[in-house]
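Grab a coffee and work through these exercises with the model open beside you. Each one sets a task, then walks through the solution.

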Protein chains: 2
Amino acid sequence: MDHIYIALIHYPVYDRQGRVIATALTTIDIHDLARLARTYGLAGGYVVTPLQSQQELARRLTDHWVKGRGAVYNPTRKEALSLVRMADDLEGALDGIEAERGRRVRTVATAARRYAGARSYEEMAGLLQKKEDGPYLILFGTGWGLTQEMIEGSDYILEPIGGKGYNHLSVRTAAAIILDRLLGRRVR
Amino acid sequence: MDHIYIALIHYPVYDRQGRVIATALTTIDIHDLARLARTYGLAGGYVVTPLQSQQELARRLTDHWVKGRGAVYNPTRKEALSLVRMADDLEGALDGIEAERGRRVRTVATAARRYAGARSYEEMAGLLQKKEDGPYLILFGTGWGLTQEMIEGSDYILEPIGGKGYNHLSVRTAAAIILDRLLGRRVR
């Protein structure tokens, strides 16, 4: 799955009142997403935030585990966190991937509610297997989720996880479930 | 799935050197596990630790969201965290469930490596659907995982998640993937 990337979006996302905000970084999310990226053999994971101080924090964290003492203490963290990159915004992440792959990126938005034209996990899993159509970037929103504009502007929208009317998972666990539904058959 | 419980085990588990330890509580794990329990319609989630100060911390956290100001601020957290109970050890959790259900509990251990007799997700998912054989308690280890003794003493052992040789997910994300593989069809 080395033609697939993920992005943890900190802006633009909603807060609980539906206002568009930039959320603060959660370091545990970076660890969890990096380890998921490594588990599913992804090409990389972007931390997207316009806040330079937050990018600096993320960079210090990844440097510790990739180049610093952490790399010796726990090499499996190094393997995971070396997949993490930073971008100011979605366009920055797309530019980074396109520079690396020389091809247009197709984006896949995730959402806790059902959008018109949303793809099932089965359908999306099939699309993702066609390497020649990639690279793909799967977008995960922090806070109360990606803005409607970002979701509707993406190439594909995924159906929600479900959950009997309860759609309040953390972005960490939602990303885990979504990646496993899309790519789990490949690692089992 | 109201005949299925989960337990987050803080003792006995391994540390990275393979010593048996009690890990410290991670409050984010309690939130994530509770929200997973609610998402998959589980009967409850146990936080298992012999450390009374840690139980007290967990109780303060759940009280805040279930009875305190948090319940008003965010009712969806209340829904999730009201599923959380505390136990000193595995036996305490089993006693609690058996008192509630009047039936012997069957335990399902999760592990990052493959044990003899491990069940596939498909097989275990089929077994879990037989309500009449329950209740079931699925065990998740913190730290470097459940002890061999606890795993081999359980009624069922699940196969590992996989991951192309990389088995270093957080317990939060591992639990999300495992619950979805076992119960995901029921919530989609």
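**Exercise 1. Place Asp155(B) and decide whether it is buried or exposed.**

Start with the chain: Asp155(B) sits in the loop between helix H7 (148-152) and strand S8 (156-157) of chain B. Helices (H or I, at least four residues) and strands (E, at least two) are DSSP runs, numbered from the N terminus.

A note before going on: this is a predicted model, so local features need pLDDT of at least 70 and side-chain atom pairs count only at pLDDT 80 or more, while totals for chains, interfaces and linings use all residues. Residues are numbered from 1 along each chain as its sequence is written, and chains are lettered from A and ligands numbered from 1 in the order in which they are written.

Next, count neighbours. A residue is buried if 20 or more other C-beta atoms lie within 10 Å of its own, exposed if 12 or fewer, and partly exposed in between, with C-beta atoms placed from the backbone. Asp155(B) has 14 C-beta neighbours inside 10 Å, so it counts as partly exposed.

Finally, look at its partners. Skipping neighbours within four places in sequence, Asp155(B) is in contact with Arg106(B), Thr107(B) and Val108(B); contact means that the C-beta atoms, placed from the backbone, lie within 7 Å. Val108(B) is 47 residues away from Asp155(B) in sequence, yet their C-alpha atoms are 6.0 Å apart.

**Exercise 2. Do the same for Ile178(B): which element holds it, and what does it touch?**

Step one: Ile178(B) belongs to helix H8 (residues 171-183) of chain B. Step two: it counts as buried because it has 24 C-beta neighbours inside 10 Å. Step three: leaving out residues up to four places away in sequence, Ile178(B) touches Thr110(B), Leu158(B) and Ile161(B). As a distance check, Ile178(B) and Ala112(B) are 66 residues apart in sequence and 11 Å apart in space, C-alpha to C-alpha.

**Exercise 3. Find the residues that touch the most other members of the largest nonpolar core.**

First, the term: a nonpolar core is a set of buried Ala, Val, Leu, Ile, Met, Phe, Trp, Tyr and Cys residues joined through C-beta atoms within 7 Å. In soluble globular proteins, nonpolar side chains tend to be buried together.

Now the answer: the largest core has 118 residues, and Ala7(A), Leu137(A), Ala7(B) and Leu137(B) touch the most other members. Take Leu137(B) and again ignore residues up to four places away in sequence: among the residues it touches are Tyr5(B), Ala7(B), Ala93(B), Leu94(B) and Ile97(B).

**Exercise 4. Work out how chains A and B are related, and describe their contact.**

Superpose first, by least squares on the C-alpha atoms of residues with pLDDT of at least 70 in both copies. A rotation of 180° with 0.0 Å of shift along its axis puts chain A on chain B, with RMSD 0.0 Å. The two copies are thus related as by a two-fold rotation axis. Both use the same surface, since 100% of the contact residues of chain A recur in chain B.

Then count: the contact takes 25 residues from chain A and 25 residues from chain B. On chain A, helix H1 (27-39), helix H4 (75-81) and helix H8 (171-183) each supply at least two residues. H1(A) gives the largest share, seven residues.

**Exercise 5. Compare two residues of chain A: is His31(A) buried or exposed, and is Pro75(A) buried or exposed?**

His31(A) is in helix H1 of chain A and is buried, with 20 other C-beta atoms within 10 Å. Its C-alpha atom is 7.0 Å from that of Leu81(A), 50 residues apart along the chain. Pro75(A) lies in helix H4 of chain A and, with 12 C-beta neighbours inside 10 Å, counts as exposed.

**Exercise 6. Locate two cis peptide bonds, one between Tyr11(A) and Pro12(A), the other between Gly134(B) and Pro135(B).**

For the Tyr11(A) to Pro12(A) bond, omega is about -5°, and Pro12(A) is in the loop between strand S1 (4-9) and strand S2 (13-14) of chain A. For the Gly134(B) to Pro135(B) bond, omega is near 0°; Pro135(B) is in the loop between helix H6 (121-129) and strand S7 (136-141) of chain B.

Methods:
Contact = placed C-beta atoms within 7 Å.
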